[in-house]
Amino acid sequence: MPINPDIKDFRLAHLFRDLDRDVLTHIARHATWREFNAGETLFAKGDTGKYFFLVKSGAVKLFLLSEDGEEHIMELIGREQLFAEAVMFMGGSYPVSAAALEQTRLIAFDARFFASLLRDNSGLCLTLLAAMSRQMHTLVAEIDRLTLQSSTRRLAQYLLAQLARKENSTWVVPLPASKQNIASLLDIRPETLSRILARLADDGLIAVHADSIAILQPALLDQVL
């Protein structure tokens, strides 16, 4: 496996989507492939923010630990998602910890190098500002989903957002993490999540499997309150 990625490996990520080939090639020379085993730490809160990342396979959790050691998951990062990109603007250290949920392969981008590109190219700054603004609107909608909607509605919308493939007229959602981690992400108690899944299954809207959830009636699931 080459040390440096090719531009085709990352150009469709939201931050790079509108950049020209020459800029992307320059960025690729300063990026590297990384692999992590399940449970392995990428970085800890307070570590110097040297890199930001793009997940190519596997999944990563961003989390904080309370004073008594209780873990609170802030975000689950799946395939083709960027994370920690704010470090290139903020400098300093990572505000959260990150660990692989499973065998994970990702691209690490040099944050200091990327920041130097921005300082020397105002046009590039404007292009990235537009890309990050679009992403911000997406995140605002996500916050609204998490804070204003009921637990069942949040779960239903999460499942519909994760639809990945269609198999024999059934929509299947591969679970990117354990149900406990998903409960933490959606701010739902694990036992509450289990009850909601059971109720949706009893209603014939979904079928729950060990590593996936089949959505049997997407239109009705979208109407769940």
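The exercises below, each with a worked solution, concern a predicted model of a protein chain.

Residues are numbered from 1 along each chain as its sequence is written. In this predicted model, local features need pLDDT of at least 70, side-chain atom pairs count only at pLDDT 80 or more, and totals for chains, interfaces and linings use all residues, while side-chain values use heavy atoms, with hydrogens and water left out.

**Exercise 1. The chain as a whole**

State how many helices and strands the protein chain has, and what share of its residues counts as buried.

Step 1. The protein chain has 8 helices and 12 strands. Helices (H or I, at least four residues) and strands (E, at least two) are DSSP runs, numbered from the N terminus.

Step 2. Of the 225 residues, 41% count as buried. Buried means under 20% relative accessible area, exposed over 50%, and partly exposed in between, with a 1.4 Å probe and protein chains only.

Step 3. The accessible surface comes to about 12,400 Å², and 51% of it belongs to carbon and sulfur atoms. These areas come from the Shrake-Rupley method with a 1.4 Å probe; for residues, only the protein chains shown count as cover.

Step 4. Among contacts between residues at least 6 apart in sequence, 72% join residues at least 24 apart. A contact means heavy atoms within 4.5 Å.

**Exercise 2. An open sheet**

Give the order of the strands in the open sheet of 4 strands, and explain which strands stand at its edges.

Step 1. The order is E1-E8-E3-E6, and the pairing is antiparallel. Two strands pair if DSSP finds at least two bridges between them.

Step 2. Strand E1 (31-36) and strand E6 (82-83) stand at the edges; each has a single partner strand, so one side of each is left without a neighbour in the sheet.

Step 3. E1 is joined to strand E8 (residues 104-110) by 6 bridges, and the two run antiparallel. Within this pair, Trp 33 stands opposite Ile 107 in E8.

Step 4. Helix H3 (residues 111-120) lies across strand E3 (51-57) and E8, at about 45 degrees to E8. Axes are lines fitted to C-alpha atoms, for helices over the stretch in contact, and angles run from 0 to 180 degrees between N-to-C directions.

**Exercise 3. The two sides of helix H7**

Name the buried residues of H7 and determine how they are arranged around its axis.

Step 1. H7 has 13 residues and reaches 18 Å from its first C-alpha to its last, close to the 18 Å expected at 1.5 Å a residue. The expected span is 1.5 Å times one less than the number of residues.

Step 2. Its buried residues are Leu 193, Ile 196, Leu 197 and Leu 200. Seen down the axis, they fall within an arc of 100 degrees, so they line one face of the helix. The arc is that of the directions from the helix axis to the C-beta atoms.

Step 3. On the other side of H7, Arg 195 and Asp 202 are exposed.

Step 4. The cover over the buried residues includes helix H5 (151-161), H6, strand E11 (206-208), strand E12 (212-215) and helix H8 (218-221).

Step 5. After H7 comes Gly 204, with a positive phi near 80 degrees.

**Exercise 4. The hairpin of E11 and E12**

Describe how E11 and E12 pair, and what is found on the faces of E12.

Step 1. E11 and E12 pair in the antiparallel sense over 3 bridges, and they form a hairpin with 3 residues between them.

Step 2. Ile 206 stands opposite Ile 215 in E12.

Step 3. Both faces of E12 are covered: Ser 212 and Ala 214 on one side, and Ile 213 and Ile 215 on the other, are all buried.

**Exercise 5. Individual residues**

Locate Glu 80 and Asp 187, and then state what Leu 64 and Asn 181 touch.

Step 1. Glu 80 is in the loop between strand E5 (71-77) and E6. Its phi is near 70 degrees, a positive value in a residue other than glycine, and Glu 80 is partly exposed at a relative accessible area of 33%.

Step 2. Asp 187 lies in the loop between helix H6 (179-185) and helix H7 (190-202). Although not a glycine, Asp 187 has a positive phi of about 60 degrees; at 60% relative accessibility, it counts as exposed.

Step 3. Leu 64, in strand E4 (residues 60-65), is partly exposed at 27% relative accessibility. Not counting residues up to four places away in sequence, Leu 64 touches several residues, including Lys 45, His 72 and Val 96. Leu 64 and Lys 45 are 19 residues apart in sequence and 7.7 Å apart in space, C-alpha to C-alpha.

Step 4. Asn 181 is found in helix H6 and counts as buried at 13% relative accessibility. With residues up to four places away in sequence not counted, Asn 181 touches Ile 73, Leu 76 and Leu 101.
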